[in-house]
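User: Could you take a close look at one part of this model for me? I'd like to hear about the aromatic contacts, plus whatever greasy surface goes with the tour.

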Amino acid sequence: VYKRQHGLGAEAAALIDTLPPPSAGAADATEAVAETMALQGAAAYLTGDPAAALAALADPRLAADDEVALWRAAALAALERWDEALPDWQRGQPRLADYPPASTAALGEPGILLLLQTGRIDDAFELIERLDGLRLPMAAAERIQLLEATALARDGATEEARAIREKLARAGTPETRTRALLALVDLDLSAGRTGPAEAAARLAADSIHWRGQSDEFAHWRRLAALQHEAGRTEHALGTLQAAIAREPPLAVAQTLTADMAELMAALFRAFAAGRHDAIATLQLYRRHGEVMPADAEVTAWIRRLGEALVELGLGEAAIDLLRDRLRLHPERDAERAELGIALAEALAATGDRTGAMAALIDTTPLEAIDQGLGDARQKLLSALGGPASAPAAAGERTAVEAALARARDALDRAAWDEIGAATATLATLLPAEGE
């Protein structure tokens, strides 16, 4: 209990894990389990895991406990579930007096936000004044000052709020400086005093201090969003990639990857609308294309980019692009069929008729071809000298020759996956032994 009250959540959690389970059949077993759940919830909250804290504190056996209601309100507020948190906060707030300063501040911070979010600004100022009177660690005291600035701004005292934030941005601890800077940047953006490019530059200059901060990856996402808004999508992609390289938790890494995929989608939409040139789009795809999903929209964009590159006389670049996308899309579906036809068209445009024929055979699964793709394939076959109306034996010979050529070309390039695909194609085309 001492460790919990003094903000030592990790130490408290470790001690709780060593407690023996209550004896089966003991009269006070239910009460002991409930007490352990309460301690586990408080420890989880203090270690920065409000979701785990809420899971423990929401146990029905704890519903009537006002002290547990206080911790549950703090966890709900940390999860921004304001309406659910308010009744528990009103029940449990009187129990704040039972705790030493560190724990009072840990519970009071989300309480202030809760009161502000639910329109109880006078109550928020009263709680801030109460916490200001405690002897708090510097970092906790600075966080209370930031909350005071938020309250002042909402109460219309914008100059006082700005003065607090500017002071903390100059002389606070690193995490406080960053939070104050972010608040000032948002204020300047909303007031039109700065633009996204300048705001991004201010955050980028501060980013050397972000490692290890509790909101580190949220800061990187904010910076990337400002860079994109300023028209510097390539910088935004680099920012997100650098954040992923810092090895965030899996869920955060997935969010950052999804952000990158959305930026790439925006880039390709701009290309499709004529607002981004093909060569610059290709360069960014080569760096970050692996984050794009294998779906019909992305396939259409890649095919259009390949066509644009061929039109610019960059057929080899188009072929490399399409082969790379085929490598990332092994599923034998309509998207792979479309990519295969696009590759065959690019090869044909560069004069490689044999390679084009091989691409049609090796990369276009017949079962995935709908009427539109089938017509495109038939047209290309006819242009390459292999019309669908040709006799079956001649068509088979042409296919075998094309597959052999494809295998030889892949062997020269040591492209083992393509060799395997060509070999599989030959196995379906050549007669079985003895026939």
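Analyst: A quick definition to start: buried means under 20% relative accessible area, exposed means over 50%, and partly exposed is anything in between. Keep in mind that this is a predicted model. By that scale I279 is partly exposed, because its relative accessible area is 41%. I279 sits in helix α16, which covers residues 278–288, and joins L312 and L314 in a nonpolar surface patch of about 250 Å².

Now for the aromatics. The count of aromatic pairs comes to six. Take Y45 and W71: their ring centres are 5.9 Å apart and the planes meet at 85°, so the pair is edge-to-face, given that anything over 60 degrees counts that way. This contact links distant parts of the chain, with Y45 in helix α3 (residues 29–46) and W71 in helix α5 (residues 66–78), 26 residues apart. Y45 is buried, since its relative accessible area is 13%, and W71 counts as buried too, at 3%.

W71 has another aromatic partner, Y99: that pair is edge-to-face as well, at 5.8 Å centre to centre with 75° between the planes. Here W71 lies in helix α5 while Y99 is in the loop between α6 (82–92) and α7 (101–117), so the contact ties together parts that are 28 residues apart in sequence. Both W71 and Y99 are buried. So W71 pairs with Y45 and also with Y99.

Elsewhere, F268, F271, Y285 and W301 come together as one aromatic cluster.

Conventions:
Residues are numbered from 1 along each chain as its sequence is written. This is a predicted model: local features need pLDDT of at least 70, side-chain atom pairs count only at pLDDT 80 or more; totals for chains, interfaces and linings use all residues. Side-chain values use heavy atoms; hydrogens and water are left out. Patches are made of residues with over 30% relative accessible area and no salt bridge: like charges are joined within 9 Å, nonpolar side chains (Val, Leu, Ile, Met, Phe, Trp, Tyr) within 5 Å. Accessible areas come from the Shrake-Rupley method with a 1.4 Å probe; for residues, only the protein chains shown count as cover. A salt bridge is a side-chain nitrogen of Lys or Arg within 4 Å of a carboxyl oxygen of Asp or Glu. Helices (H or I, at least four residues) and strands (E, at least two) are DSSP runs, numbered from the N terminus. Buried means under 20% relative accessible area, exposed over 50%, partly exposed in between (1.4 Å probe, protein chains only). Rings of Phe, Tyr and Trp (its six-membered ring) pair if their centres lie within 6.5 Å; planes under 30 degrees apart count as stacked, over 60 as edge-to-face and the rest as tilted.
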